[in-house]
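Open the structure in your viewer and keep the sequence panel visible. The tour below goes from one selection to the next.

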Amino acid sequence: MIDLPKYPTQHGYMTEKVQRDYITAAIAQGLLPEDAHRMPEILSLTAPGDRAQPMQFWQLYSLLGQEPLVRIVQDFYQRVFADEDWFTSVFARVGDVTHHINTQASMWIDVMGGGPYYHGAEFRLSFHHTHNAMQLMTDRGAERWSQLMLAALDASAPLLAEDPRLRISLNTFLTHFMGKYAAEFAFEHRSVFGETNPPFLRKINLRRMSEAAIEALSEAEISAALRARGVDVSRYQGKADLVNKALML
Ligand code: HEM
């Protein structure tokens, strides 16, 4: 069965670059298979109908549409503008609460499959953080930003109640961008948003696969497929060992 989006999706200015960056990082962490850059179900802007499969954050729009995303961003900036002066003033210098809701929501919608809303893309995002937000791109600023976003997400739980993957992929999105900024601005990266995407596991029959095809699987996928065959995977250390065991089945 083909999965259809609940809301019609479209690439934005940022989607493809963010997909490439996130997929590369996720492969390195063993969360996505090595051929994920070419897997249509990963690249798709439509969330898999099968809830046993994680969805990617660029598929959020297909399930949510604009409104819940804008609501979460609104909630966040209400908190930002009600915060302490050292934090709020940096935002207030740039624009009022409506300005920030508009820019942040357009970036989310652009990345999440809603279409071209955030012109200027990565360059614009980086420019604003480097030039206007610099003072807060620190451990203390990141901690406060994250706490307020976490509070906004928790308060928005009813908007995300339909599918547990919604909150998890929002957490994954935020953690991905926070990780980038932590590296770029040299602050400590503490992911506070909660559970992020689990490994993507395909249904696999190792005995029907060539050595090259097994090697292209992620470590997590090989482990899961071996476990499904009753193998005690704790006896095998690292991907090469797991591949060898899979070839001996
Ligand atoms: C250390 C954490 C962060 C801090 C302190 C921070 C702070 C700020 C500030 C002060 C601005 C206003 C600057 C301006 O618009 O010129 C801003 C803009 C923005 N931030 Fe962040 N930010 C953080 C993390 C993030 C993350 C994780 C994302 C994405 C998920 C993000 C997305 C944006 C966007 C889309 C804008 C609007 C820029 C524009 O006007 O085009 N920020 N941020």
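**First stop: Ala228**

Select Ala228, which is partly exposed because 13 other C-beta atoms lie within 10 Å. On this scale a residue is buried if 20 or more other C-beta atoms lie within 10 Å of its own, exposed if 12 or fewer, and partly exposed in between, with C-beta atoms placed from the backbone. Ala228 is found in helix H11. Helices here are DSSP runs of H or I with at least four residues, strands are runs of E with at least two, and both are numbered from the N terminus. Now add Asn205, 23 residues away along the chain: its C-alpha atom and that of Ala228 are separated by 9.9 Å.

Before going further, note that this is a predicted model, in which local features need pLDDT of at least 70, side-chain atom pairs count only at pLDDT 80 or more, and totals for chains, interfaces and linings use all residues. Residues are numbered from 1 along each chain as its sequence is written.

**The rest of H11**

Select residues 219–228 to show the whole of helix H11. Which residues of H11 are buried? They are Glu219, Glu221, Ile222, Ser223 and Ala225. Show helix H10 (211–215) and helix H12 (238–247) as well, since both are included in what covers the buried residues of H11. Past the end of H11, pick Gly230, whose phi is positive, near 85°.

**The whole chain**

Zoom out and colour by pLDDT, the predictor's confidence in each residue from 0 to 100. The protein chain averages 94, and 100% of the residues score at least 70. The model scores ipTM 0.98 and pTM 0.90.

Switch to a cartoon view: the secondary structure comes to twelve helices and zero strands. Along its principal axes the C-alpha trace spans about 65 × 40 × 30 Å. The radius of gyration of the protein chain is 20 Å, which agrees with the value near 18 Å for a compact globule of 249 residues. That radius is taken over C-alpha atoms, and the globule rule is 2.2 Å times the number of residues to the power 0.38. Buried residues make up 32% of the 249 residues.

Two residues are in contact if their C-beta atoms, placed from the backbone, lie within 7 Å. Among contacts between residues at least 6 apart in sequence, 66% join residues at least 24 apart.

**Two domains**

Colour 1–197 as domain 1 and 206–247 as domain 2. These bounds come from an automatic or database domain assignment. The C-alpha centres of the two domains lie 33 Å apart. How many residues of domain 1 are in contact with domain 2? Five residues of domain 1 are in contact with six residues of domain 2. On the domain 1 side, the residues that touch domain 2 divide into two nonpolar, one polar and two charged. Here Ala, Val, Leu, Ile, Met, Phe, Trp, Tyr, Cys and Pro count as nonpolar, Asp, Glu, Lys and Arg as charged, and the others, Gly among them, as polar.

**The ligand**

Select the ligand and its shell, taking residues whose C-beta atom, placed from the backbone, lies within 6 Å of it. The ligand is surrounded by 21 residues, and the closest are Met107, Asn132, Ala133, Leu136 and Ala142. The shell divides into 14 nonpolar residues, six polar and one charged. Show helices H5 (85–94), H6 (97–111), H7 (121–131), H8 (139–155) and H9 (164–185), each of which supplies at least two residues of the shell.

**Four more alanines**

Go to Ala152 in helix H8. Ala152 counts as partly exposed, because it has 19 C-beta neighbours inside 10 Å. Leaving out residues up to four places away in sequence, Ala152 touches Ile72, Asp75, Phe76 and Arg79. Ala152 and Asp75 are 77 residues apart in sequence and 5.5 Å apart in space, C-alpha to C-alpha.

Next, pick Ala121 in helix H7. Ala121 is not a glycine, yet has a positive phi of about 45°. With 19 other C-beta atoms within 10 Å, Ala121 is partly exposed.

Ala186 lies in the loop between H9 and H10. The phi of Ala186 is also positive, about 55°, although this residue is not a glycine. Is Ala186 buried or exposed? Ala186 counts as exposed, with 10 C-beta neighbours inside 10 Å.

End at Ala52, in the loop between helix H2 (40–43) and helix H3 (60–64). Ala52 counts as exposed, with 8 C-beta neighbours inside 10 Å. Add Phe200: Ala52 and Phe200 are 148 residues apart in sequence and 9.6 Å apart in space, C-alpha to C-alpha.
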